[in-house]
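Q: Could you take me through the sheet of this model, and then through the empty space enclosed beside it? I am new to the structure, so please explain the terms as you go.

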Amino acid sequence: MRASGTLAPEWKVAQWFNTQQPLQLADLRGKVVVMHAFQMLCPGCVVHGLPQTQKIYNVFDANEVVVVGLHTVFEHHEVMTPQALEVFIHEYRYTFPIGVDQPDGQSGLPLTMRAYGMQGTPSLILIDHKGRLRKHSFGRDDDIQVGADIATLISEAKAAPLAEAENAGGNAGCDEDKCTA
């Protein structure tokens with residue numbers, strides 16, 4: 001897992017599917033965020049990336065991990081419309097939230113894809129509980145490695161409140177034998 005430590009850029013999404021309200025990264029702090037950027041006509045996305053994303057969504061606790069798909073169209077714009085995506089999502093039975101990356105208005109790279117410096121699809125991005133980029137990969141990722149990376153980030157998030165309490169003097173009245181109030 002590559003840890004850059006920089007804050008993840010906010011998403012620029014034109015439309016959402018499978019969610020009641022738009023998702024904003026700032027609202028997801030405290031949770032691990034798994035973002036899978038895909039195109040519905042990308043063979044690697046259809047065969048591996050999207051099924052992997054659905055498995056992650058099904059396996060991990062939604063209180064700890066937020067899974068998001070990002071349909072980021074940089075080619076074949078005329079056929080990969082939001083209407084076609086809606087049918088695609090229904091036919092493949094994807095249940096995780098999916099956003100349509102905001103087009104740049106000039107048939108170039110969509111705005112979120114550009115902000116994250118993605119090379120193409122599929123791209124997997126892991127964001128830790130503090131909103132920092134922790135993994136950014138392009139191409140196929142091994143399921144077990146991705147699961148281990150997510151578990152590491154969950155462990156860090158769970159350990160953070162304990163470390164903060166210790167730093168704030170949470171056991172200032174403790175020694176090896178006893179703790180006093």
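A: Two strands pair if DSSP finds at least two bridges between them, and strands (E, at least two residues) and helices (H or I, at least four) are DSSP runs numbered from the N terminus. The model is predicted, so that local features need pLDDT of at least 70 and side-chain atom pairs pLDDT 80 or more, while totals for chains, interfaces and linings use all residues. Residues are numbered from 1 along each chain as its sequence is written, and side-chain values use heavy atoms, without hydrogens and water.

The open sheet has 6 strands in the order S1-S4-S3-S2-S5-S6, with mixed pairing; its edge strands, S1 (13-17) and S6 (133-138), each pair on one side only. Within this sheet, S2 (residues 32-38) and S5 (residues 123-127) are antiparallel over 5 bridges, and Val33 has Ile127 of S5 as its bridge partner.

Turning to the empty space, a cavity is a set of points on a 1 Å grid over the protein atoms alone where a 1.4 Å probe fits but cannot get out, and lining residues have an atom within 4 Å of a point. Among the residues lining the largest cavity are His36, His48, Ser123 and Leu124, and H1 gives the largest share of that lining, 3 residues. Val33 and Ile127 return in the lining of the second largest cavity, together with others including Leu25 and Asp128.

Terms used: 1 Å grid on protein atoms, 1.4 Å probe; cavity = no way out; pocket = protein on both sides within 12 Å on 5 of 7 lines; lining within 4 Å.
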